[in-house]
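Biologist: Hey, got a minute to walk me through this protein? I'm new to reading structures.

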Amino acid sequence: MEEQQKFAQDEELAQDFSFWSLFKFTGPSIFTFVFIAVYQMVDGLFIERYVGDLAISAINLYYPVISLFIAIGIMIGTGGNAVIVRKVGQGKRKEAGQTFSRVIVFTIFIGAIITFVCVTFADPIMKLCGATQGNIEYLRPYYMLLSAFAITILLQSELGILIIGEGQTVVAAIVIMIGGVLNCVLDFYFMEHLKLGIWGAAAATVIGYCSTIIYAIWFYVIAKKSSYKLELAKPNLREIGIICFNGSSDMVSNLAGGVSVLFMNHLAFRCYGEVGVSALSVITYLQFLIEAVFMGYTTAVEPVFSYHYGSGNIEMRKRVYKYSIRWCFLLGAVLIVVLYFLRGLIIGIYFKPDTEFYRISLLGYMISLPACLFTGYNTFGSGLFTAFSNGVVSGFLSLVRTFFVLVICLFAMTALFGGYGLWSAWPAAEFISFIITAIFLWKYRGRYKYADLRKA
């Protein structure tokens with residue numbers, strides 16, 4: 001059975017891709033990532049509907065904190081997965097189980113420390129995130145409940161990666177979708193029927209995250225479907241250090257997005273006051289949605305490049321590269337057109353048309369749309385180097401794009417143009433990152449042979 005599954009996987013990756021078959025291949029991944037993005041938007045929708053316009057800022061203010069939780073979970077998950085899978089490949093299944101046990105124990109330990117720090121120093125951290133007297137009353141319950149369950153958030157991020165490492169990609173996607181649907185249903189029940197307000201939104205989010213953990217318990221402990229099992233293991237700080245180092249690049253790029261939102265919260269308050277922080281939440285959701293499309297595409301196409309890089313099939317690498325560039329720009333153009341015509345509907349979900357919240361959100365929404373044209377190319381460029389196991393270049397491009405260039409554009413353009421500059425910073429940063437990414441793709445085309453050298 002195992003050999004048949006591997007053969008089926010080989011056939012999937014080795015197929016003779018055409019322009020449309022490549023999109024058919026990447027489509028399910030795009031759908032999954034878009035679903036995750038919509039899932040992230042649900043809390044904001046219900047909070048606005050049942051608590052108020054100003055309350056929606058609570059989610060955006062908490063974003064830097066939850067980004068830290070997710071980043072740490074991703075760091076341990078990706079680093080641990082690499083070590084575990086390597087040991088399984090070497091036939092060292094007992095050692096793989098021991099590493100898995102160390103990873104879980106370490107995650108629970110780190111989660112407990114994070115919870116203690118976040119709860120003990122709640123007020124200073126909330127103010128650092130941009131909370132003011134007007135919105136801290138909304139942020140506090142959301143902050144306190146999610147911070148109290150930091151272990152849950154860390155384990156959800158980490159176990160999702162480890163389950164994918166078991167070859168359970170479709171199952172992992174289904175579990176995430178179940179968690180998203182559960183979050184939506186519980187948001188409605190807790191806030192509409194039980195009148196729990198922001199507490200209800202936070203509780204629904206935590207329970208939604210638990211879906212991955214529950215499945216992992218069934219998979220690893222009850223059904224024992226894993227290729228390894230939990231083993232008693234002595235502490236090994238050296239191995240934990242290696243795991244954290246291996247996963248650090250994924251952590252940094254994820255964390256950079258959270259820090260950027262932190263700066264945006266402060267700048268939005270400076271330009272528009274508390275109304276601006278709420279309006280920024282909608283623009284942040286827009287970014288999530290756009291980036292989800294291209295993350296879904298890139299995540300699906302990376303194994304294709306890895307496979308053909310290993311097999312030495314240069315022609316297929318060139319073909320998939322050419323088609324991918326076209327799809328990135330085509331999807332970007334389609335997103336601009338679709339999101340432009342849906343602008344009133346999307347913003348109207350959160351704010352009433354005759355309010356200042358709506359006016360500011362619409363301004364930011366329209367100015368942000370051109371970023372669609374370059375986001376796909378930049379995301380794909382970074383992912384391409386990940387496929388070729390060049391983590392240095394991949395991490396550099398990701399960090400420069402999501403942090404350094406964006407932060408410089410945020411402060412420079414806000415200083416020059418005020419609120420207009422705040423909304424223009426993201427498209428400007430994506431355009432500058434587009435130039436940087438293009439330079440690197442041109443520079444490395446000879447090493448990885450994904451583009452024609454005859455024009456050089």
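Modeller: Let's go through its surface and its inside.
This is a predicted model, where local features need pLDDT of at least 70, side-chain atom pairs count only at pLDDT 80 or more, and totals for chains, interfaces and linings use all residues. Residues are numbered from 1 along each chain as its sequence is written, and side-chain values use heavy atoms, leaving out hydrogens and water.

Biologist: Cool. Which residues form a nonpolar patch on the surface?

Modeller: Leu330, Val334, Val338, Leu342, Leu345 and Ile349, with about 460 Å² of accessible area together. Two helices, H13 (314-341) and H14 (343-350), each give two or more residues to the patch.

Biologist: What counts as a patch here?

Modeller: Its residues have over 30% relative accessible area and no salt bridge, and nonpolar side chains are joined within 5 Å (like charges within 9 Å). A salt bridge is a Lys or Arg side-chain nitrogen within 4 Å of an Asp or Glu carboxyl oxygen. Areas use the Shrake-Rupley method with a 1.4 Å probe.

Biologist: OK, new topic: how many residues are in the largest nonpolar core?

Modeller: 123, and Phe69, Leu339 and Tyr450 have the most contacts inside it. Helix H12 (residues 274-311) gives the most, with 18 residues. A core joins buried (under 20% relative accessible area) Ala, Val, Leu, Ile, Met, Phe, Trp, Tyr and Cys residues through side-chain atoms within 4.5 Å.

Biologist: And what does leucine 339 touch?

Modeller: Leu286, Leu289, Ile290, Ile346, Tyr365, Leu369 and Cys372, skipping residues up to four places away in sequence. Contact means heavy atoms within 4.5 Å.

Biologist: Last one: is H16 enclosed or open?

Modeller: Largely enclosed by the rest of the structure, because 14 of its 16 residues are buried.

How values were computed
Helices (H or I, at least four residues) and strands (E, at least two) are DSSP runs, numbered from the N terminus. Buried means under 20% relative accessible area, exposed over 50%, partly exposed in between (1.4 Å probe, protein chains only).
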